[in-house]
Amino acid sequence: MTMRRGFNLLFFGLALWMGVAFVQADNSPPTNAGFIGVIFSRGKDADFPVVDYVAAQSSAALAGIIKGDSITAINGVTTRKMSAVEARHALEGDIGGTVELTIPREGGKEDKVSVVRKSLLDTYMPAINAGDVRAEVTLGYFYEHGPASVIDPAKAFYWYQKAADSGNAAGERSLGTLYFYGTGVKQSDKDAFAWFYPAAMQDEGRAEYYLGLFYQNGRAVERNEQTAYYWYDRSARQGIANAEWNLAYAYEKGLGVKANTEEALKWYQKAQASLPDNAKLKQHIAILSLKAFVENPDTNSLDTALVMTLFGRYLMLFFYFLAGLYVVGGAILFYFSFRAVETSVGILVALGWLVFQLEGQAVAFMALIVLGASLTASTFFVVTCFFSAVPLIASSFGPNRRRIWKASAASWQVLFQYGLGAYVMIFVLLLGYDKIYLWATHAALPGQPTEVLIDKAKHGSVWLAFACVALALPLAEEVLFRGYLFEALKRYLPDAPVVILTAFGFAFVHFQGIYFAPLFGFGLVQGWVRLKTGSLRLPVLLHVLNNGLFLAMAS
């Protein structure tokens, strides 16, 4: 039994050795792997794959197919939704079989070209013998990524090496990729970098992407985020999706470049055009588009459908909670405001209206997301007016309208003098602030953040923009700051602190950074007019005129 088992093992080992030797000796591809010698490319906006390369003396070249031909159908199947790789796979089949390509020509005509498939070496060796280095790269590519019956990493390395030794950028990059992943050769970051670098110096986009990875992660070189950003930027501008993704991440996190949410979002969206089904990328875009809109609603829009697809359940719960607080809080504020017929509202009610106005903006924002509306600056602006401004204005009427809107005891001549004086002070304030900013920063004062927003609203609907910008917002702000807050604070403080505190609150809720000072100054002037005239009417008129002029001049 032992001797018999030994013979069996010896026989099995001999057969295995012979089989391996036979496979190694057979350098020709299996007979079922047929090719025609065409490589496709397809731009992001192209309708069909386009012939990017035709191997010399291949069956495709002999059939008259040339670089630049669009292929609209393969064997009668439209290529409209095919990627370049899918179209290449559709060409492959048995040696000796035929494939029919449909090529559009001028005048609406079409050519149907029938091409015979050949073996891999028969397809590309004539071009290689004619000195076509790209044929060497293509042959290496098929040995690396082709049909399973053809794949041979050692042969891929051989042909990539030949192309790389000729200085071909694609060959250098492909050889670097083999070293990077350890495919058909021992993994070596040092050798991979050594081949990626000369390819990148020839503007080979994928090689530039890999150099970005090396510098980002400190592989084979010292970690350097600025250099990683440099290579990602070069690669991304050539449309390499992974580089676009990594460049977006660099902008998002401030890696090697100043953090910029809008730039990050732009590059994430470019990457998504090439990777439309990537769930992680969609989530990144949804979160970042929300952040970009919150940071700058003037120039950014929000894809609410995408946000709801990813986070709909949580956003709905939060919206219902916020809307409930808004409705209940508003009802309570209306109740106590309407009770204050003879005397001013209390400080808690006045502060409640301030919180209510801010909450109204949040409810407007959430409502547009939940309803799936197109969330642009103009729509957000209009809906915000409705939720935060209209209730405030409505609260100033009813039982206490005579107290809030009482006329001034001063004559119209005195009121005119106050109004003219207020405008002179506002003009001097803005002009002085502009000069001080120029002196301090050696740069012109940027436009107000709301200028773009107001301009969009104006071009969408002039009357709607006027109703929001020049009427609803000034009315609501004056009722809140020179009405409720002004009256409530006067019960506890002297006139000067009242004017200062209401002006500070007015400037603060605008959230406009470098414009805090002029907004604070405008609030001081409005508070002074309110104090001198004893009425809310002139401050409202001045505010309406100011916003109306600003709307007219916005560009």
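Student: Which residues of H7 are buried?

Tutor: This is a predicted model, and a residue counts as buried when its relative accessible area is under 20%. Eleven of the 13 residues of H7 are buried, so the helix is largely enclosed by the rest of the structure. They are Ala169, Gly171, Glu172, Arg173, Ser174, Leu175, Gly176, Thr177, Leu178, Tyr179 and Phe180.

Student: What covers the buried residues of H7?

Tutor: Other helices contribute to the cover. Among them are helix H5 (133-145), helix H6 (153-165), helix H8 (189-200) and helix H9 (205-217).

Student: How far apart are the end C-alpha atoms of helix H7?

Tutor: Helix H7 takes in residues 169-181, and at 1.5 Å a residue its 13 residues should span 18 Å. The model agrees with that expectation: the end C-alpha atoms are 18 Å apart.

Student: At the start of H7, which residue has a side-chain oxygen that reaches the backbone nitrogen of Ala170?

Tutor: Look at the start of the helix, where the side-chain oxygen comes to within 3.1 Å of that nitrogen. At the other side, H7 is followed by Gly182, with a positive phi near 70 degrees. The residue you asked for is Asn168.

Student: Which helix gives the most to the largest nonpolar core?

Tutor: That core holds 127 residues, and Phe196 is one of those touching the most other members. Beyond its neighbours within four places in sequence, Phe196 has contacts that include Arg173, Gly176, Thr177 and Phe180. The top contributor to the core, with 13 residues, is helix H15 (residues 347-371).

Terms used. Residues are numbered from 1 along each chain as its sequence is written. This is a predicted model: local features need pLDDT of at least 70, side-chain atom pairs count only at pLDDT 80 or more; totals for chains, interfaces and linings use all residues. Side-chain values use heavy atoms; hydrogens and water are left out. A nonpolar core is a set of buried Ala, Val, Leu, Ile, Met, Phe, Trp, Tyr and Cys residues joined through side-chain atoms within 4.5 Å. Buried means under 20% relative accessible area, exposed over 50%, partly exposed in between (1.4 Å probe, protein chains only). Helices (H or I, at least four residues) and strands (E, at least two) are DSSP runs, numbered from the N terminus. Contact means heavy atoms within 4.5 Å. The expected span of a helix is 1.5 Å times one less than its number of residues. A polar contact is a pair of N or O atoms within 3.5 Å; within protein, one must be able to donate a hydrogen and the other to accept it, and residues adjacent in sequence count only if both atoms are side-chain atoms.
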